[in-house]
Amino acid sequence: MMAPNGPATTVKASKSTRKAHLAVSRVEPWSVMRFSFVISLVCFIILFVAVIVLYGILSGLGVFDAITDLISSLTEGGEGDELNLRPQEWFSPGRVLGYTGLIGALNIILITSLSTIGAMLYNLAADLVGGVDITLSESE
């Protein structure tokens with residue numbers, strides 16, 4: 001084997017990355033409450049729009065009319081046994097969107113309160129065990 005012509009120099013690029021070892025010892029419950037409220041509000045708006053679009057598609061396809069006719073034909077009494085069911089009211093847009101709004105409002109309240117309680121419980125546990133250790137590294 002032949003030696004390469006000239007001096008062999010190798011340049012090794014060394015990247016120096018800084019690392020920081022930190023501990024999350026406290027989470028501010030007020031900021032967690034605000035953040036979770038905004039996130040749950042956005043999720044509520046997405047849910048409401050999705051229900052409106054889905055209701056419009058299903059109503060346009062006649063699904064609710066078919067279900068109403070099926071329920072009406074199954075519950076017809078032969079000898080005057082009237083059950084007094086009104087399935088056409090079950091699938092009215094006002095009722096569907098009203099229940100969607102109610103469920104969305106409950107979700108906003110539950111998600112916000114449970115997140116805030118979770119932050120408080122984390123703070124109590126972090127006081128006992130020191131929190132969660134994380135390592136941050138800087139990249140160039």
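Thr112 is buried in this predicted model, with a relative accessible area of 11%, so it falls under the 20% cut-off for that label. The residue sits in helix α4, which runs over residues 93-129. Setting aside neighbours within four places in sequence, Thr112 is in contact with Met33, Ser36, Phe37 and Ser40. Phe35 makes a handy yardstick here: Thr112 and Phe35 are 77 residues apart in sequence, yet their C-alpha atoms lie 8.5 Å apart in space.

Now for the nonpolar surface. Phe37, one of the residues in contact with Thr112, also belongs to a nonpolar surface patch. The other members are Val38, Leu41, Val42, Ile45, Ile46, Val49, Val53, Ile57 and Leu61, and together the patch has about 900 Å² of accessible area. Val42, one of these patch residues, is placed in helix α1 (residues 29-61). Its relative accessibility is 43%, so Val42 counts as partly exposed, a label that covers values between 20% and 50%.

Then there is helix α2, twelve residues long (residues 63-74). At 1.5 Å a residue the helix should span 16 Å, and its end C-alpha atoms are 17 Å apart, so the two values agree. The buried residues of α2 are Phe64, Thr68 and Ile71. They take up an arc of only 65° around the axis, so they end up on the same side of α2. What they pack against is α1 and α3 (87-90). Over on the other side of α2, Asp65, Asp69 and Leu74 are exposed.

Note on methods:
Residues are numbered from 1 along each chain as its sequence is written. This is a predicted model: local features need pLDDT of at least 70, side-chain atom pairs count only at pLDDT 80 or more; totals for chains, interfaces and linings use all residues. Side-chain values use heavy atoms; hydrogens and water are left out. Patches are made of residues with over 30% relative accessible area and no salt bridge: like charges are joined within 9 Å, nonpolar side chains (Val, Leu, Ile, Met, Phe, Trp, Tyr) within 5 Å. Accessible areas come from the Shrake-Rupley method with a 1.4 Å probe; for residues, only the protein chains shown count as cover. A salt bridge is a side-chain nitrogen of Lys or Arg within 4 Å of a carboxyl oxygen of Asp or Glu. Helices (H or I, at least four residues) and strands (E, at least two) are DSSP runs, numbered from the N terminus. Buried means under 20% relative accessible area, exposed over 50%, partly exposed in between (1.4 Å probe, protein chains only). The expected span of a helix is 1.5 Å times one less than its number of residues. The arc is that of the directions from the helix axis to the C-beta atoms. Contact means heavy atoms within 4.5 Å.
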